[in-house]
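Student: I would like to go through this model term by term, asking each time what justifies the label.
Tutor: Then let us set each value against its definition.

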Amino acid sequence: MERDIYDEDHEAFRDVVKEFCKRYVTNEKREQWDAAGEIDRQTMRAAGDAGIIGLSVPEEFGGAGMLQDYRFRTVVMEEVIAAGAGSLAGAFGIQDDLAVPYIVHMGTQEQKQKWLPGMATGEILGALAMTEPGAGSDLRGIKTTAKKVDGGYIVNGAKTFISSGKTADMVVTFVKTGDGNRPDAFSLLILESGMAGFDHGKKLHKMGFQGHDTAELSFSDVFVPEANLISGKEGMGFVQLMMNLPLERLSIGVAGAAAAQAALDWTIAYTKDREAFGQRIIDFQNTRFQLADVAATVDALWAYTDRALLAYKDGKLSAEEAAKVKFWATEREWEILDTCVQLHGGYGYITEYPIARAFLDARVHRIYGGTNEIMREIVGRQLAGKK
Ligand SMILES: Cc1cc2nc3c(=O)[nH]c(=O)nc-3n(C[C@H](O)[C@H](O)[C@H](O)COP(=O)(O)OP(=O)(O)OC[C@H]3O[C@@H](n4cnc5c(N)ncnc54)[C@H](O)[C@@H]3O)c2cc1C
């Protein structure tokens with residue numbers, strides 16, 4: 001089914017992203033990222049130079065100024081995922097969907113001036129640290145504290161599973177600034193790489209997204225100046241997280257749709273090429289039936305995510321709607337990836353093939369950004385009329 005959410009500007013931008021992928025997403029590069037467990041800085045700089053990261057950074061700070069028009073971001077996701085570079089798509093996502101929005105939408109003027117120009121060029125890499133060893137779904141259970149002292153805060157605690165956590169220059173960090181677990185007991189502080197007592201810790205070994213770093217972070221008496229308090233207001237951290245979560249969840253849903261589309265395209269090509277019992281794999285009725293199911297689901301995925309994208313653009317995507325998109329799209333993505341691996345036979349299991357890597361990458365879509373159980377809980381509570 002033809003999609004109709006993009007106009008000429010988006011398609012022209014797509015050509016830029018395609019050109020970038022042709023140049024920078026080579027097999028050699030992918031292997032290098034996987035071996036290093038992170039995306040090299042030059043590639044992030046090149047993405048900044050090409051104008052494909054920092055998309056929501058206002059023009060006055062050197063960005064593209066695409067504040068609410070998330071369609072440019074989805075063009076980037078679609079093309080980078082189609083190029084078989086899930087890890088790079090992940091690194092771009094952390095920068096543009098998890099770090100930049102807190103500065104663009106909630107940062108003080110000083111914070112914008114300090115961080116945004118470098119985030120647009122890819123010189124400054126960001127991350128968002130909420131999860132802790134003892135608290136993931138239940139974020140109000142975090143233990144990292146920020147104690148008020150003269151001119152700033154002293155931060156103690158630890159975070160885990162932080163995407164881009166090893167490479168980030170600045171980490172928007174969810175901390176406790178008050179007692180108890182009321183929403184106003186939390187704040188967001190920017191911790192900077194190199195601050196005394198801030199350790200980027202261990203890089204974690206994952207089943208997927210091999211080329212994108214995920215790390216533990218630890219904080220031991222880190223002094224963080226007051227100027228690094230997001231929006232300059234204490235006690236707003238929980239509300240601020242809630243404000244950006246719809247975007248984070250929408251982005252994961254769209255990444256799921258893009259991966260499902262890529263899997264369909266790779267599988268059609270593969271099954272046309274490969275033969276068994278004297279015919280192409282695609283000529284078996286089972287293959288065509290499976291692909292027909294996948295193709296219809298991919299159409300439905302786009303119809304749904306495109307609708308959500310437009311709602312987001314108009315400022316109408318609620319937390320519950322974003323949660324629905326996230327869990328539904330990533331569950332369908334998972335089923336599709338599994339079918340497509342199967343249709344590749346043994347090669348579907350070999351990570352040299354993009355289908356195998358995409359399958360491994362897809363698994364975490366149902367876990368991070370809020371697990372799909374928590375997404376269903378959010379939707380279910382609304383249906384039940386609970387707050
Ligand atoms: C590769 C990767 C990258 C990540 N990147 C980041 C990042 O950049 N920043 C960040 O802050 N975090 C990040 N995370 C953390 C991620 O968001 C959490 O892992 C996730 O929110 C789940 O938290 P948890 O691991 O503590 O699981 P738990 O909360 O311990 O959940 C365990 C199981 O219990 C279920 N469960 C929990 N509560 C309920 C409930 N109320 N009802 C029903 N079931 C429930 C969960 O759904 C899950 O199945 C990342 C994780 C991974 C694996």
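Student: What makes the approach of Ser-137 to an oxygen atom of the ligand a polar contact?
Tutor: An N or O atom in the side chain of Ser-137 is 2.6 Å from an oxygen atom of the ligand, and a polar contact is a pair of N or O atoms within 3.5 Å (within protein, one must be able to donate a hydrogen and the other to accept it, and residues adjacent in sequence count only if both atoms are side-chain atoms). The label therefore applies to this pair. An N or O atom in the side chain of Thr-371 also lies 2.7 Å from an oxygen atom of the ligand, and a polar side-chain atom of Thr-131 lies 2.7 Å from a ligand nitrogen atom. This is a predicted model, in which local features need pLDDT of at least 70 and side-chain atom pairs count only at pLDDT 80 or more, while totals for chains, interfaces and linings use all residues. Residues are numbered from 1 along each chain as its sequence is written, and side-chain values use heavy atoms, with hydrogens and water left out.

Student: How do you know how much of the ligand the protein buries?
Tutor: The ligand taken alone exposes 980 Å², of which the protein buries 64%; accessible areas come from the Shrake-Rupley method with a 1.4 Å probe, and for residues only the protein chains shown count as cover.

Student: Which elements give two or more residues to the shell around the ligand, and what makes a residue part of it?
Tutor: A residue is near the ligand if one of its heavy atoms lies within 4 Å of it, and 17 residues surround the ligand, with Thr-131, Ser-137, Phe-161, Thr-371 and Glu-373 the closest. Two or more residues come from each of β1 (126-129), β3 (152-163) and α11 (372-383), where helices (H or I, at least four residues) and strands (E, at least two) are DSSP runs numbered from the N terminus. The largest share, three residues, is that of β3.

Student: Why is the pair of Tyr-270 and Tyr-353 called edge-to-face?
Tutor: Rings of Phe, Tyr and Trp (its six-membered ring) pair if their centres lie within 6.5 Å, and planes under 30 degrees apart count as stacked, over 60 as edge-to-face and the rest as tilted. The search of the whole structure finds 13 aromatic pairs. In the pair of Tyr-270 and Tyr-353 the centres are 6.4 Å apart and the planes stand at 90 degrees, so this pair is edge-to-face. Tyr-270 lies in helix α7 (residues 237-273) and Tyr-353 in the loop between α9 (319-343) and α10 (354-362), so the pair ties together parts that are 83 residues apart in sequence.

Student: Are these two rings called buried or partly exposed?
Tutor: Buried means under 20% relative accessible area, exposed over 50% and partly exposed in between (1.4 Å probe, protein chains only). Tyr-270, at 13%, is therefore buried, whereas Tyr-353, at 26%, is partly exposed.

Student: What makes Tyr-304 and Trp-328 an edge-to-face pair?
Tutor: Their centres are 5.6 Å apart, with 70 degrees between the planes, and the pair is edge-to-face. Tyr-304 belongs to helix α8 (residues 285-313) and Trp-328 to helix α9, so the pair ties together parts 24 residues apart in sequence. Tyr-304 is partly exposed at 26% relative accessibility, and Trp-328 is partly exposed with a relative accessible area of 26%.

Student: How do you know that the charged end of Arg-3 sits over the ring of Trp-302?
Tutor: The term requires NZ of Lys or CZ of Arg within 6 Å of the ring centre and within 35 degrees of the ring normal. The charged end of Arg-3 is 3.7 Å from the ring centre of Trp-302, and that of Lys-148 sits over the ring of Tyr-153 at 5.0 Å from its centre.

Student: Why is Ser-87 called buried, and what polar atom does its side chain approach?
Tutor: Ser-87, in helix α5 (residues 86-106), has 8% relative accessibility and therefore counts as buried. A polar atom of the Ser-87 side chain lies 2.9 Å from the backbone nitrogen of Gly-211.

Student: Why is Pro-133 called exposed?
Tutor: Pro-133, in the loop between β1 and β2 (145-149), reaches 66% relative accessibility and so counts as exposed.
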